[in-house]
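Work through the exercises below with the sequence and the model side by side, and try each task before reading its solution.

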Amino acid sequence: MPQLQPGDLVRIRNERWRIARRVPYGRATVIEVEGAEGDTRGERVCFLLPFEPIDRVEAPDVPRVTRPQRWRHLARRALSDAAPSVTSLRAPARAHLTLVPFQLEPALAQARGDGCRFLIADAVGMGKTVQAGLMIAELLHRRPEGRVLVIVPAGLREQWRDELHVRFGLDAHLLDASGVARAADRLPVGMNPWAVHRLAITSIDYVKRPEVLRCHEALIWDLVVLDEAHGVAGRSDRAAAAAALGGRARTLVMLTATPHSGDEDAFRRLCGIGDLNDGFPLLVFRRTRQSVGTDLPLGPGHGRREVLLRVRPRAAEAAMHAALMDYARLVWARTDASGGGGARLAVSVLLRRACSSASSLARSVERRMALLGGSAAVSQGILPMFDLSAGDEEPHAVLATPGLRDTADEQARLHRILGLARQASDNESKLAALRKIITRTREPVIVFTEYRDTLQQLASTMPVEAVFLHGGLPSRERTDGLRQFTEGDARLLLATDAASEGLNLHHRCRLVVNLELPWTPLRLEQRVGRVDRIGQTRRVHAVHLVAASTSEEAVLARLAARTWRMHTAFRDIAEQEIAECMVSGRMVPLTRDCEASVARAGIAAPHLEAEARIEAERLSLARALAPRCEPAESRPLITRVRRRGRRAGARCFWLFHVLFTAPDGRVVHQAVLPLGGDVGRGSTPRQAGRQGPPYEPVGSALARRLLDPRHPAVQRAASQGRDAQLHALRLALRGPVRVQLQRERAIAETLRSRQARLSATLLQLGLFDRRSERARDAQSALLAKALAECTARIAALQGSEDVRADSPQLVCAIAVE
């Protein structure tokens with residue numbers, strides 16, 4: 001049987017289908033077909049050849065004369081499916097989302113071959129997940145055989161799966177310990193569960209395990225997404241796993257609203273993920289609400305109102321804050337940043353705990369006193385300040401470093417602070433203000449605090465039943481809590497920063513209350529961004545509770561106020577700077593350094609605003625043209641209509657379908673070729689645009705004669721148009737193919753240099769026995785398998801440079817008299 005191509009009519013299982021897509025897999029081929037008759041009309045399914053018996057149905061090539069209404073359905077469908085260029089986007093036209101021009105820019109850059117490493121660093125609530133989903137959907141549309149890995153925080157796995165399914169119709173598989181075990185039970189022995197799914201979602205904490213990384217050593221991913229990528233910028237197992245898998249990605253996409261934590265080294269490590277041999281620039285997309293302006297699809301009542309509510313502390317609370325600040329200044333004065341970093345870190349923890357609640361401070365002071373008075377009082381050294389924000393548990397070990405040389409004096413000061421904190425915890429002013437807010441409002445409320453123990457204290461004092469969201473919750477309890485809140489079963493959600501990252505709660509809630517101000521400005525934006533997102537149709541209200549006449553008001557409140565006025569900052573403020581600011585009383589300078597941060601070697605900021613607007617308009621037109629009823633026709637349709645009024649001759653239009661294939665038969669691009677000409681005036685057909693005149697049906701014999709696609713003039717014009725499209729296609733493919741070849745060769749070189757190892761530093765082979773030899777043989781087999789995939793991919797890319805065009809096939813034609 002001749003090779004099947006898209007558009008061919010076939011019979012499978014006694015039913016007729018039209019081939020929509022053909023994807024070869026070695027000796028096997030997957031075909032996606034659309035029903036062409038009866039109950040299967042419009043249904044899409046896939047079959048595997050040669051295991052499925054199939055017969056080609058020879059459809060007559062003689063056009064069928066039909067009524068204009070049916071002809072119009074076919075013409076609209078053909079035009080809506082058409083892509084003017086190989087770099088034009090296809091997936092967004094079928095996605096269930098509002099087309100926002102700036103969200104198309106990363107996918108456009110990917111299709112154009114502008115790069116293979118992307119950092120989407122838009123402000124909170126700008127749709128980074130949607131942009132990554134567009135890139136995933138576009139890649140899988142172009143390469144159905146491709147493999148995509150999405151690496152996210154554990155709490156966001158279900159949300160990502162639902163987003164991909166609802167918005168893009170993509171079914172993703174959650175691969176955690178239980179998911180891998182279930183897949184392994186269904187697969188033959190020895191088959192890798194990670195290799196059988198084309199779209200997998202996993203958590204960074206699972207994939208970082210050495211035994212899990214081992215499963216990826218023979219795999220090359222077409223696209224890897226790292227969500228909340230700032231979490232892998234440090235020096236940790238998470239960062240090592242992200243770097244290893246980023247080096248196995250043909251395309252790497254990193255998502256974060258806080259790319260720069262204030263640590264240049266961490267930002268440099270983040271920008272270096274997946275950069276093989278320093279040869280692949282990082283394309284950075286950083287947009288804010290102000291920069292995109294009217295592109296945001298916001299409701300007429302949308303906006304944000306932020307209120308800084310100064311809560312007057314009671315006498316015991318004021319005394320507690322004053323005593324703690326005296327102690328902090330004394331420790332700061334008697335230490336320095338190099339030798340006393342551990343002591344300053346411990347004091348910073350106490351300051352943060354005091355901002356959270358008096359009860360939280362009392363627990364930490366009591367623990368510090370015990371650590372300083374016992375054998376555990378050892379110096380912990382200088383720890384990175386921002387690491388404290390990685391979780392929501394009470395910090396323990398950092399409290400063990402002495403701050404004063406006189407141990408008795410330090411214990412006495414801590415004892416006084418402890419007594420004041422216990423006294424203040426009996427009736428805290430912030431909790432009373434929070435209860436008043438919740439009682440007076442009838443709307444759903446999200447209350448944020450930094451620490452888990454403060455969260456538990458809040459739950460016992462609130463006037464309504466609340467659900468929890470913190471980093472210690474199992475996945476099932478977390479999902480149940482979110483469901484209760486989003487479905488209306490609970491009105492109050494108590495959450496910590498560690499558990500709320502990346503959540504979309506704007507459909508349920510618009511009121512956020514911060515029990516304390518976080519120490520990094522962008523974290524404050526992260527909190528409000530849970531409800532202030534694209535899709536929010538109402539005004540968002542954010543209330544920040546601040547203890548008046550304390551360091552929280554003197555420093556953090558001013559810092560927050562300046563942050564609200566400056567939403568273009570690319571760089572966050574390091575917590576060490578905040579601590580220095582609170583103790584010394586000076587203000588940390590904020591910088592507007594987005595352009596400066598990306599203006600360095602290996603980093604580029606593409607400007608595709610104009611192209612994205614044009615593409616959004618084209619995709620909107622494609623959506624409008626797509627008919628609700630999509631009949632699958634077995635032969636071309638022609639019709640003849642009459643324009644009102646008299647006119648000599650007829651104007652004819654033809655629409656041809658042109659298939660462009662690689663030497664191996666793989667479809668590279670499909671295009672439509674419109675031709676038009678005046679019949680009866682001696683002119684020849686030419687490429688033309690569309691017209692929509694009034695019409696009335698007339699006879700069919702004249703229509704066949706006027707619109708005969710075998711006419712030499714029509715054939716000649718179609719061949720010339722096809723050749724012009726082929727030339728343009730070859731030029732457009734040069735950029736993407738060049739980048740992909742460079743990336744594939746770099747991956748192959750890295751595989752050889754590292755023997756395909758991803759977890760070599762975490763696993764140790766046995767010595768003086770045959771296990772080492774067997775391990776080497778197994779590793780060689782993995783290397784050979786991975787290199788074979790690279791070789792096949794390189795051959796396919798090189799074949800794309802020799803793309804060929806099939807003969808134009810008529811789709812439909814119309815004569816307008």
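## Exercise 1: Unusual backbone angles

E228 sits in the loop that runs between β11 (223-226) and α8 (237-246), where helices (H or I, at least four residues) and strands (E, at least two) are DSSP runs numbered from the N terminus. The model is a predicted one, in which local features need pLDDT of at least 70 and side-chain atom pairs count only at pLDDT 80 or more, while totals for chains, interfaces and linings use all residues. Residues are numbered from 1 along each chain as its sequence is written, and side-chain values use heavy atoms, with hydrogens and water left out.

**Task.** Describe the backbone of E228, A756 and P50, and state where A756 and P50 are found.

**Solution.** Begin with the general expectation: most residues other than glycine have a negative phi, and most peptide bonds are trans. Next, read the phi of E228, which is near 50°, a positive value in a residue that is not glycine. E228 is also buried, with a relative accessible area of 11%, where buried means under 20% relative accessible area, exposed over 50%, and partly exposed in between (1.4 Å probe, protein chains only). Then turn to A756, which is not a glycine either and has a positive phi of about 65°. A756 is found in the loop between α25 and α26 (770-800), and A756 is buried at a relative accessible area of 1%. Last, look at the bond joining L49 and P50, which is a cis peptide bond with omega of about 10°; P50 is found in the loop between β4 (44-49) and β5 (55-56).

## Exercise 2: A nonpolar core

**Task.** Find which residues touch the most other members of the largest nonpolar core, and which helix gives the most to this core.

**Solution.** First fix the term: a nonpolar core is a set of buried Ala, Val, Leu, Ile, Met, Phe, Trp, Tyr and Cys residues joined through side-chain atoms within 4.5 Å. The largest such core has 61 residues, and those touching the most other members are I136, V150, W160, L164 and V225. Helix α3 (residues 128-142) gives the most to this core, with eight residues. A second, separate core has 36 residues, including L175, V232, M254 and C271.

Now take V150 by itself: leaving out residues up to four places away in sequence, V150 touches I136, W160, L199, A200, I201, T202 and V225, a contact being heavy atoms within 4.5 Å.

## Exercise 3: Two helices that pack

**Task.** Describe how α3 packs with helix α4 (residues 157-168), and name the residues that meet.

**Solution.** Start with the geometry: the two helices pack at an angle of about 60°, and their axes are 11 Å apart. Here axes are lines fitted to C-alpha atoms, for helices over the stretch in contact, and angles run from 0 to 180 degrees between N-to-C directions. Then list the residues: T129, V130, A132, G133, L134, I136 and A137 of α3 meet W160, E163, L164, R167 and F168 of α4. Sorted by class, this contact has eight nonpolar, two polar and two charged residues.

## Exercise 4: A buried glutamate

**Task.** Is E744 buried or exposed, and which residues does E744 contact away from its sequence neighbours?

**Solution.** Locate E744 in helix α25 (residues 712-754), and then read its relative accessible area of 1%, so E744 is buried. Apart from neighbours within four places in sequence, E744 is in contact with I220, R250, E789, C790, R793 and I794. The side chains of E744 and R250 are joined by a polar contact of 2.6 Å; a polar contact is a pair of N or O atoms within 3.5 Å, and within protein one must be able to donate a hydrogen and the other to accept it, while residues adjacent in sequence count only if both atoms are side-chain atoms. Finally, compare sequence with space: E744 and A249 are 495 residues apart in sequence, and 9.2 Å apart from C-alpha to C-alpha.

## Exercise 5: The whole chain

**Task.** How many helices and strands are there in the protein chain, and what percentage of its residues is buried?

**Solution.** The protein chain has 26 helices and 26 strands, and buried residues make up 56% of its 817 residues.

Technical notes. Nonpolar A, V, L, I, M, F, W, Y, C, P; charged D, E, K, R; others polar.
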